[in-house]
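Colleague: I have a few questions about this model before I go back to the bench. Can you pull it up?

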Amino acid sequence: LYLRAFKHEGELEMWAADGPGEAMTLVETYPICAASGELGPKRRQGDEQVPEGLYQIHRFNGWSGYHMSLRVNYPNASDRARGLRWKLGGAIMVHGDCVTIGCIPIQNAPIEEVFLATLDASRAGKQRVPIHIFPRRMDARGMAYLEQYAAQDKRREDLEVLWKELEPFYIYFETHHQVPDAIIDTKTGVYTLVDSPDS
């Protein structure tokens, strides 16, 4: 199982494959029904930003105050390296109830589907289900948009660097329909794509 979120388009995708190494198929696309912050990563507590980067689902709450919730393992090593000056915050969730301050909310019926599928995948031996959160689809059109967006933003250098690092992960999945492996440099926070042997 693999989850992919796009902030600009307001979509959460759920992909699945029958076994390791097999190409994934799109199961469903769910509308993200509320948003906070803007394009760009989460760098500190209280900025109301939805994180951007490569994460995993690592906790389940079927009794959440937001109907059901899946906890994202923000901050990851990249966030910690790049946000050292700030308290980073946490408690980033995919949840129901259509309200948010930095989370990814979908409607209640969809969160039940995603919650159960993710829980089943975890129980079947995949301890942490990957979720990749992108600013938008990072095809040629999307990258042109992001380049213009960054050029007008005070966080320009941070945005340009991160988005260039995330682009290969988007392209790899679009090409192979398999979740790309990543290395995160714990000192610099840089994401590096690890190509599979058959790529």
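Colleague: How many bridges join E2 to strand E3?
Modeller: This is a predicted model, to start with. In it, 6 bridges join E2 to E3, which covers residues 25-31, and the two strands run antiparallel.

Colleague: Which residue stands opposite Trp15?
Modeller: Leu26, in E3.

Colleague: And what about E1 and E2, parallel or antiparallel?
Modeller: Antiparallel, with 5 bridges between E1 (residues 2-6) and E2 (residues 11-16). One facing pair there is Leu3 and Met14, with Met14 in E2.

Colleague: How many residues are between the strands in that hairpin?
Modeller: The hairpin of E1 and E2 has 4 residues between its strands. Gly10 takes a positive phi there, near 65°.

Colleague: Switching to Thr100. Where is it?
Modeller: Thr100 is in the loop between strand E6 (93-95) and strand E7 (104-105).

Colleague: Buried or exposed?
Modeller: Thr100 has a relative accessible area of 17%. It counts as buried because that value is under 20%.

Colleague: What does the side chain of Thr100 reach?
Modeller: Two backbone nitrogens: that of Gly102 at 3.2 Å, and that of Cys103 at 2.7 Å.

Colleague: Which residues is Thr100 in contact with, leaving aside neighbours within four places in sequence?
Modeller: With that exclusion, Thr100 is in contact with Ala34, Ala35, Ser36 and Pro105.

Colleague: Now pockets. What is the volume of the second largest pocket?
Modeller: About 380 Å³. There are 13 residues lining that pocket, and the closest to its centre are Pro41, Arg43, Arg44, Asp47 and Arg155.

Colleague: How does the lining break down by class?
Modeller: The second largest pocket is lined by 10 charged, 2 nonpolar and 1 polar residues.

Colleague: One more residue, Arg82. Where is its place?
Modeller: Arg82 is in helix H1, which spans residues 77-82.

Colleague: And is Arg82 buried or exposed?
Modeller: Buried, with a relative accessible area of 19%. The cut-off for buried is under 20%, so Arg82 falls within that class.

Colleague: What is Arg82 in contact with, again leaving aside neighbours within four places in sequence?
Modeller: Arg43 is one of its contacts, and Arg43 is also among the residues closest to the centre of the second largest pocket. The other contacts of Arg82 are Val161, Leu162, Glu165, Thr188, Gly189, Val190 and Tyr191.

Key. Residues are numbered from 1 along each chain as its sequence is written. This is a predicted model: local features need pLDDT of at least 70, side-chain atom pairs count only at pLDDT 80 or more; totals for chains, interfaces and linings use all residues. Side-chain values use heavy atoms; hydrogens and water are left out. Buried means under 20% relative accessible area, exposed over 50%, partly exposed in between (1.4 Å probe, protein chains only). A polar contact is a pair of N or O atoms within 3.5 Å; within protein, one must be able to donate a hydrogen and the other to accept it, and residues adjacent in sequence count only if both atoms are side-chain atoms. Contact means heavy atoms within 4.5 Å. On a 1 Å grid over the protein atoms alone, a cavity is a set of points where a 1.4 Å probe fits but cannot get out, and a pocket is an open set with protein on both sides within 12 Å along at least five of seven lines; lining residues have an atom within 4 Å of a point. Grid points are joined across faces, edges and corners, and a volume is the space filled by probe spheres set on the points. Ala, Val, Leu, Ile, Met, Phe, Trp, Tyr, Cys and Pro count as nonpolar, Asp, Glu, Lys and Arg as charged, and the others, Gly among them, as polar. Two strands pair if DSSP finds at least two bridges between them.
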